[in-house]
Amino acid sequence: MDYKLMNYLSQYTSQQRWWITVSGLVLLALASYFLSIRKTLKLKSELTEKSIQLQNIDDAPHVIAKLEQQLQVNDQQFLQGPYNRNNLFAKVSTFCTEHQLNLLEFGEDQRWQQEQLNFITSPIRIAGSYHDILRLMYYLEHQEHLGYLVHCNLALVEKSRRSRQKELQAELHLQNIEIEN
């Protein structure tokens with residue numbers, strides 16, 4: 001059989017035999033890739049994915065503990081007591097006097113109910129510098145946890161027509177949620 005192959009190849013020049021050999025090797029490499037190497041690479045990628053998932057499963061108790069701790073903190077903030085309008089007014093007015101803000105209006109609370117929750121929105125209008133207004137918003141929502149800031153409208157308003165002085169005014173809406181018993 002080798003003799004027949006040699007006779008068959010002897011009719012070609014050496015350059016043609018070289019190209020036939022190279023093309024045969026390329027076909028052999030492609031066939032081996034599609035028959036075995038591709039499957040091996042696919043299994044390797046699946047193994048990597050599964051090991052990452054296994055590592056995430058090992059970290060799951062720590063993640064669950066952190067989430068439970070965050071949930072307890074949120075519950076404490078949410079259930080820290082009933083909404084107290086006088087406390088909110090005292091905190092806002094104290095902050096305004098300390099930071100040169102003008103408390104223009106402390107409007108009536110807007111209340112509505114949805115299922116077992118009562119939503120209370122307190123409108124507050126203040127005037128002052130942009131930086132101090134931002135400090136007040138952060139103070140109310142993140143430091144004192146007096147509610148969630150659901151609306152903020154900043155407007156540049158003329159103080160007087162004669163001097164054409166302008167001041168920055170902010171309308172803030174602070175929302176609280178109470179559970180109905």
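Strand β5, residues 166–179, is mostly covered in this predicted model. Of its 14 residues, 10 are buried. Two neighbouring strands pair with β5, as set out next.

**Strand pairing**

Strand β3 spans residues 117–127. β3 runs antiparallel to β5, and 11 bridges join the two. Within that pairing, L117 stands opposite I179 of β5. Strand β4 covers residues 148–158. β4 also pairs with β5 in the antiparallel sense, here over 10 bridges. On this side, N153 has E171 of β5 as its bridge partner. In a regular strand, side chains alternate between the two faces of the sheet.

Strand β2 takes in residues 110–114, and Q113 sits there. Q113 is partly exposed, at 45% relative accessible area. The C-alpha atoms of Q113 and E180 are separated by 9.0 Å. Along the chain, these two residues are 67 residues apart.

**Salt bridges**

Side chains of opposite charge can pair when their charged atoms come close. The count here comes to four salt bridges. Three of them are described below, among them R85 with D109.

| Salt bridge | N to O distance |
|---|---|
| R85 and D109 | 2.7 Å |
| K91 and E144 | 3.1 Å |
| R125 and E105 | 3.2 Å |

Which parts of the chain does the R85 and D109 pair tie together? R85 lies in helix α3, residues 85–98. D109 lies in the loop between β1 (102–106) and β2, so the bridge ties together parts that are 24 residues apart in sequence. R85 is partly exposed, with a relative accessible area of 23%. D109, at 18% relative accessibility, counts as buried.

Helix α3 also supplies K91. The partner of K91, E144, lies in the loop between α4 (130–143) and β4, so this salt bridge ties together parts that are 53 residues apart in sequence. Both ends are partly exposed: E144 has a relative accessible area of 26%, and K91 has 24%.

E105 and R125 make a link between strands. E105 is in β1, and R125 is in β3. The two are 20 residues apart, and the pair links distant parts of the chain. E105 is partly exposed at 39% relative accessibility. R125 is partly exposed at 30%.

**Aromatic pairs**

A pair of aromatic rings is described by the distance of the centres and the angle of the planes. The whole structure holds five aromatic pairs. One of them joins W18 and W19. Their ring centres are 4.9 Å apart, and the planes meet at 80°. That pair is edge-to-face. W19 is exposed, with a relative accessible area of 51%.

Is the pair of W112 and F119 stacked or edge-to-face? The ring centres are 5.5 Å apart and the planes lie at 15°, so the pair is stacked. The cut-off for stacking is under 30 degrees. The two residues fall in separate accessibility classes: W112 is partly exposed at 40%, while F119 is buried at 12%.

**Cysteines**

How many disulfides does the structure hold? The number is zero. A disulfide is a covalent bond between the sulfur atoms of two cysteines. Why does C96 form no such bond? The closest cysteine sulfur to that of C96 belongs to C152 and is 13 Å away, too far for a bond. The cut-off is 2.5 Å. From the other end, C152 is likewise in no disulfide, and its nearest cysteine sulfur is that of C96. C96 is buried, at 2% relative accessibility. C152 is partly exposed, at 33%.

**A nonpolar surface patch**

Seen from outside, the model also carries a nonpolar surface patch of about 650 Å². V26, L27, L30, Y33, F34, I37 and L41 make up this patch. F34 lies in helix α2, which runs over residues 14–78. F34 is partly exposed, with a relative accessible area of 43%.

Terms used
Residues numbered from 1 in each chain as written. Predicted model: local features only at pLDDT ≥ 70, side-chain atom pairs only at ≥ 80, totals over all residues. Heavy atoms only, no water. Phe/Tyr/Trp six-rings, centres within 6.5 Å; stacked < 30°, edge-to-face > 60°. Buried < 20%, exposed > 50% of the residue type's maximum accessible area, 1.4 Å probe, protein only. Patch = residues over 30% accessible without salt bridge, like charges linked within 9 Å, V, L, I, M, F, W, Y side chains within 5 Å. Areas by Shrake-Rupley, 256 points an atom, 1.4 Å probe, with all protein chains shown as cover. Salt bridge = Lys/Arg side-chain N within 4 Å of Asp/Glu carboxyl O. Helix = DSSP H or I, 4+ residues; strand = E, 2+ residues; numbered from the N terminus. Pairing = 2+ DSSP bridges.
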